[in-house]
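This report describes one protein chain, moving from its cysteines to its fold, its contacts and its pocket. The sequence and the structure are shown first.

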Amino acid sequence: MRFHPLSSDVKCPACDAGLTFTRVRLYGDVYTCASGGPCKCQVMHYRDRVTKACGFAISQPGVFGKWTPCGQAPGAKVE
């Protein structure tokens with residue numbers, strides 16, 4: 001599924017750099033830290049199962065952070 005692009009206000013939670021779209025996953029979109037340094041933080045942009053609202057969470061190996069609404073309606077599915 002391809003959602004709308006995340007706002008430029010959404011920053012890497014580890015180093016406060018911007019985020020770059022990486023790929024589409026089965027249930028959402030993956031963004032990676034754009035710092036170019038050692039930070040490899042990933043953010044998952046997806047829709048909450050209960051509320052159907054669009055939001056994002058930190059996605060690290062073994063850890064999935066708290067979902068935060070992004071305040072925008074989900075975009076149309078791109079095939």
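In this predicted model, C70 is partly exposed, with a relative accessible area of 22%. The residue takes part in no disulfide, since the nearest cysteine sulfur, that of C54, is 4.0 Å away and a disulfide requires sulfur atoms within 2.5 Å. C12 differs in its setting: at 2% relative accessibility, C12 is buried. The cysteine sulfur closest to that of C12 belongs to C39, at 3.6 Å, and this is too far for a bond. The structure as a whole holds 0 disulfides.

The protein chain has 6 strands and 0 helices, and its pattern along the sequence is β-β-β-β-β-β. Of its 79 residues, 30% count as buried. Among the contacts between residues at least 6 apart in sequence, 30% join residues at least 24 apart.

Several individual residues illustrate how accessibility varies along the chain. Their values are set out below.

| Residue | Relative accessible area | Class |
|---|---|---|
| A17 | 17% | buried |
| F21 | 32% | partly exposed |
| Y31 | 5% | buried |
| H45 | 0% | buried |
| D16 | 57% | exposed |

The segment before strand 1 contains D16 as well as A17; strand 1 itself covers residues 19-24. D16 is exposed, at 57% relative accessibility, whereas A17 is buried, at 17%. The backbone of D16 has a positive phi, near 70°, in a residue other than glycine. A positive phi is found also at K52, where the angle is about 65° although the residue is not a glycine. K52 belongs to the loop between strand 3 and strand 4, the latter formed by residues 54-60.

Which residues does A17 contact once its neighbours within four places in sequence are left aside? They are K11, C12, C33 and S35. C12, in this list, is the buried cysteine described above. For S35, the separation from A17 along the chain is 18 residues, while their C-alpha atoms are 5.5 Å apart.

A search of the whole structure for aromatic pairs finds 1. The pair is formed by F21 and Y31 in an edge-to-face arrangement, with 5.6 Å from centre to centre and 75° between the planes. The partners stand 10 residues apart and link distant parts of the chain, F21 lying in strand 1 and Y31 in strand 2, which spans residues 28-33. Their accessibility differs in class: F21 is partly exposed at 32%, and Y31 is buried at 5%.

Y31 is also one of the residues touched by H45. H45 lies in strand 3 and counts as buried, with a relative accessibility of 0%. Not counting residues up to four places away in sequence, H45 touches F3, H4, L6, G28, D29, Y31, C54, G55, F56 and C70. This list includes both C54 and C70, the two cysteines whose sulfur atoms are 4.0 Å apart.

W67 is placed in the loop between strand 5 (63-64) and strand 6 (68-69). With residues up to four places away in sequence excluded, W67 touches Y46, D48, T51, A53, C54, G55, F56 and A57. C54, G55 and F56 are among the residues touched by H45 as well. One residue in the W67 list, D48, is 19 residues from W67 along the chain, and the C-alpha atoms of the two are separated by 7.9 Å.

The remaining topic is the pocket. The largest pocket has a volume of about 260 Å³. Its lining comprises 11 residues, of which Y27, Y46, R47, D48 and R49 are the closest to the centre. Two of these, Y46 and D48, are touched by W67. Which element gives the most to the lining of the largest pocket? Strand 3, formed by residues 42-47, does so with 3 residues. By class, the lining divides into 7 nonpolar and 4 charged residues, with no polar residue.

Conventions: Residues are numbered from 1 along each chain as its sequence is written. This is a predicted model: local features need pLDDT of at least 70, side-chain atom pairs count only at pLDDT 80 or more; totals for chains, interfaces and linings use all residues. Side-chain values use heavy atoms; hydrogens and water are left out. On a 1 Å grid over the protein atoms alone, a cavity is a set of points where a 1.4 Å probe fits but cannot get out, and a pocket is an open set with protein on both sides within 12 Å along at least five of seven lines; lining residues have an atom within 4 Å of a point. Grid points are joined across faces, edges and corners, and a volume is the space filled by probe spheres set on the points. Helices (H or I, at least four residues) and strands (E, at least two) are DSSP runs, numbered from the N terminus. Ala, Val, Leu, Ile, Met, Phe, Trp, Tyr, Cys and Pro count as nonpolar, Asp, Glu, Lys and Arg as charged, and the others, Gly among them, as polar. Buried means under 20% relative accessible area, exposed over 50%, partly exposed in between (1.4 Å probe, protein chains only). Contact means heavy atoms within 4.5 Å. Rings of Phe, Tyr and Trp (its six-membered ring) pair if their centres lie within 6.5 Å; planes under 30 degrees apart count as stacked, over 60 as edge-to-face and the rest as tilted.
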